[in-house]
Each structure stands twice: as structure tokens, then as C-alpha cells.
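Here's a quick walk through one protein chain, from the overall build down to a single residue. Have the viewer open as you read.

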Amino acid sequence: MPMSTPLDRRRFLALSAGTAVAATGLSACAGSVDNGTSGSGSGKTTLTVMTVENEWDKKTLKAAEESLGMNLNVIIWDATKLNAMLAAKNPPDVVRGFGATETPYFAARGLMTDLDPYFAKSSVLKDSDLDPVNDVWRYDGKKQGAGPRYGMAKDYSQDSMFWYRADLFEAAKLDAPGETEPISYDEWLDLGKKLVKRRLGKVKVYGLNATGMGVFPQLMGMTASAGGSLFAEDLATVDFSSPEALKALRWYLDYAKADIGPNVVNPNPDGWDGPTYQANRMAMSCNGYWFGGLIGADAKLAEVSRFAPAPQFGGNRVSSCFGATGFWIPRDAKNKDASWKFFEWYFGGKPAQDRAASGWGIPSLKSLRANMPQTSAFQKQAFQVQEQELPHFSVLSFTPYAQQAALEGVLTKVLPGAVKSGTSAGKVADTLNSRMNEQLAQGKELVG
């Protein structure tokens with residue numbers, strides 16, 4: 001099965017940011033979808049899957065239906081539509097989502113199916129074979145990483161790691177980042193400033209993109225690296241004023257003011273890093289292992305590209321995943337047994353084996369890790385760096401009281417003006433605390 005392209009991930013992120021379910025609760029508007037048990041008069045089960053636009057082409061979709069022995073009714077992922085369908089208790093059978101940031105929100109509202117009984121009986125998806133990243137799909141009612149499993153990742157990356165152009169480092173006469181020991185965030189920023197190229201006052205080559213999966217998750221990871229937590233222990237409030245969070249916020253403000261890479265004031269016109277990096281217009285890209293799938297498709301680009309550990313603020317080395325994209329089954333789904341059959345095929349069958357061998361992400365089953373590509377020098381370097389990074393993976397609990405899109409929305413409104421006016425990090429922190437905590441309070445009131 002062909003892999004989803006990196007554009008899928010970026011498009012999904014953009015959709016999440018633009019139309020995510022509001023923190024104020026679920027819409028009462030109903031959506032319509034055929035969730036019947038038969039399709040086209042064939043007597044076969046029809047499974048409704050909400051996923052990104054080009055998850056499968058027509059040929060692959062037909063092959064998938066033959067393999068599964070059921071019809072697949074694919075509807076394009078849309079937060080407003082999902083919201084309406086969940087509220088009407090007529091949801092898709094299977095929904096694509098970000099385990100790292102969405103599980104607490106949907107699980108706390110009782111909208112997800114507890115999959116533990118299915119995992120317990122499965123001979124394909126065994127609990128002992130699950131990579132630890134799948135713990136982001138768990139929620140015990142208070143925190144992420146424990147309790148029932150509500151979904152599974154198709155693959156993942158440690159999203160604060162970064163790729164760099166060795167040829168641009170050589171041209172600038174700069175030492176390349178190490179492969180085992182992470183550089184500091186301050187060193188990373190300094191490198192970005194030295195690698196940026198401008199023409200007539202405009203950036204021609206970005207020195208660094210520091211936020212491949214969004215600003216808020218990156219600030220979470222940076223704060224954790226500094227030894228703190230952006231969320232309070234009960235996940236009901238944020239505190240950008242803590243010493244650790246303030247350090248992360250100040251760093252991002254410095255990065256945005258330096259204008260050395262895409263930021264809240266000057267976003268990347270390409271929309272994401274892929275085309276920019278391919279066009280030799282980005283020296284360092286903060287994207288995890290999956291980005292190597294794009295790079296590896298171009299032999300010349302692969303020859304000059306290298307992978308590096310996630311930068312750190314202090315001795316508390318953290319390298320988390322902010323996506324863990326996969327699927328979950330809504331509580332009110334009509335065809336749960338058929339949905340689980342889809343799970344076993346998609347996550348444990350040939351599609352999973354093909355994904356693992358493609359280099360587009362770390363497989364979510366430990367038994368498939370040996371399938372990761374290690375033939376070319378480029379693949380070997382990336383694999384070795386990734387293997388050394390794995391022990392530093394940790395789950396950063398996301399709040400159940402708001403979605404990432406809502407919190408990103410606050411950052412988008414507050415940070416541009418602050419960067420342009422030179423507002424102090426302390427004052428920016430106060431504003432972010434006030435606005436985000438108001439949203440979180442509304443969400444907590446709804447969840448109860």
C-alpha cells in the first residue's frame with residue numbers, strides 16, 4: 001500500500017488548526033453518512049472511514065476492500081463534520097486523528113471506544129508488541145499514558161529532532177551537529193542565524209524552521225526539556241510564567257524576531273517544509289524521522305541531508321512525539337467488530353509492513369522496526385540517530401479541556417503583535433495565561 005505523503009500530515013494539521021472542534025463543546029448539528037451493514041447490494045459490511053483525502057487511490061482502495069472482505073465508505077476528515085456526526089450519535093466507524101493531542105479531549109467526553117478487550121483477544125496486535133508511543137492513545141480520566149487504549153498510531157516520529165543540509169553547513173564553514181549528543185536550543189538558534197541567507201532584506205534561504213508540528217507542542221517540549229511543565233498537574237491550566245516555560249517562550253520570541261525561519265509573523269508561503277527543503281531554501285528543518293521519506297526520494301538531496309537529535313535546554317533530555325497519527329473507533333460506531341478487523345489489517349498486516357519499509361515513520365509495532373530501511377548511507381545515518389534517540393522518548397500529557405487548534409489560535413492572535421512591538425516575554429506570558437486558561441476553564445466546566 002502506498003504511504004500517505006507528508007502533505008497529508010501537513011494538510012491534516014492545517015485542517016485541525018482551522019476547523020477543530022471548539023473547546024466550548026459539541027455542536028448539535030447532525031451529519032449524515034451511510035453506516036449500514038451492507039453496501040451496493042453485495043451483502044458485505046460497509047465500513048465508514050474518516051481519513052485524509054488521499055489515504056488511498058481508487059486502485060488501492062479496491063484492493064483494500066478485497067483484502068478486508070468489506071466495502072469502505074471513505075469520507076474526508078473534517079472537524080466540523082466529525083463534530084456533527086459525534087453529536088448526532090451517528091459517527092464514522094473509524095476516525096483518523098492525532099493520538100498525542102486529541103486522545104484526552106475525546107476520551108474525557110466519552111466519545112471513544114475502549115479497545116482493551118480487542119487488544120486482549122487479538123493475535124495480530126499484541127500488547128507486548130506495541131511501541132511505547134501507543135501510550136499517547138491511553139487516558140485514565142486524569143492523565144495521558146495510562147488507562148484504557150482508545151486508538152493506535154500507524155507510525156510516529158520524535159518531532160523535535162531535525163534534519164539539516166550538510167552542504168550548507170560546509171559552505172558556511174560551520175561544524176555540523178553531533179549524531180549522539182544534542183545541541184542546546186541556544187546553539188541551534190545561533191546556527192540558524194549564521195545559516196540564513198537574505199537578498200534585498202528578504203529571506204532567500206531559511207536558516208531554521210523550529211516548529212514543524214505547531215508552536216504549542218514545541219513549547220510544551222521545550223518547557224519539559226527545561227525541567228518544567230506547561231500544563232498544571234491537573235491539566236486544567238497553563239503557566240507560561242514559570243521559569244521553565246518563560247525560558248521556552250523567550251526563546252521562541254527571539255527566534256521569531258530574528259526572522260531566520262517560518263514563524264507567526266512570517267509564515268512559510270509553501271505552507272510546510274517539504275517544498276522549501278527540496279528547493280534548497282532551508283538549512284535546518286524541525287521534523288522527525290518521517291521527513292526522511294521525502295528526502296530519500298531524491299538521491300541528490302539525500303546525499304547532503306543528515307538527521308540530528310532534538311535540541312535541549314538542560315540536563316532533562318526529552319524527545320517527544322506530537323502526532324502519533326492513527327485511528328480510533330467512536331463509542332457510538334455501529335460496526336465495531338468490523339472496525340477492529342480493519343485495525344488488524346491496517347496496523348498489523350501488509351499496509352503496516354509496507355509503511356515500515358518506506359522510511360516515512362517509525363512503525364508502531366516493535367516487531368516491524370527491523371523493516372525500517374537501512375540500505376543507503378543516508379538511511380543508515382538516519383536509522384542510527386533515531387535508534388539512539390528512542391530511549392529519550394516520553395509522553396507529555398495533553399489537556400482534555402481544549403484542543404491543540406484552540407490553543408494554537410491564541411498563540412496566533414497574541415504572538416505576532418508581541419514580536420512586532422517587542423513586548424517582554426513576561427507580559428506575553430501573562431496574556432497567554434489569561435486567554436488560554438479562560439478557554440480551559442470553559443472546557444473543564446463542560447467535561448465536569
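How many helices and strands make up the secondary structure of the protein? The count comes to 17 helices and 14 strands. Keep in mind that this is a predicted model.

## Overall build

With a radius of gyration of 22 Å, close to the 22 Å the globule rule gives for 448 residues, the protein is as compact as a globular protein of that length. If you line the C-alpha trace up with its principal axes, the span is about 65 × 50 × 40 Å.

Contacts tell you about the chain's reach along the sequence. Take those in the protein with a separation of 6 or more: 76% of them are between residues 24 or more positions apart.

## Inside and outside

Of the 448 residues in the protein, 56% are buried. As for the outside, the accessible surface comes to about 17,500 Å², and carbon and sulfur atoms account for 50% of that.

What about charge? The protein has 48 positive and 47 negative charges, and the mean positions of the two sets sit 4 Å apart.

## A look at Trp56

Now zoom in on Trp56, which you'll find in the loop between strand E1 (46-51) and helix H2 (58-68). Is Trp56 buried or exposed? Its relative accessibility is 10%, and the cut-off for buried is under 20%, so Trp56 counts as buried.

Try picking out Val74 as well: Trp56 and Val74 are 18 residues apart in sequence, while their C-alpha atoms are 9.2 Å apart in space.

Notes
Residues numbered from 1 in each chain as written. Predicted model: local features only at pLDDT ≥ 70, side-chain atom pairs only at ≥ 80, totals over all residues. Heavy atoms only, no water. Helix = DSSP H or I, 4+ residues; strand = E, 2+ residues; numbered from the N terminus. Rg over C-alpha atoms; globule rule 2.2 N^0.38 Å. Buried < 20%, exposed > 50% of the residue type's maximum accessible area, 1.4 Å probe, protein only. Contact = heavy atoms within 4.5 Å. Areas by Shrake-Rupley, 256 points an atom, 1.4 Å probe, with all protein chains shown as cover. Lys, Arg positive; Asp, Glu negative; His and termini not counted. Charge placed at Lys NZ, Arg CZ, Asp CG, Glu CD.
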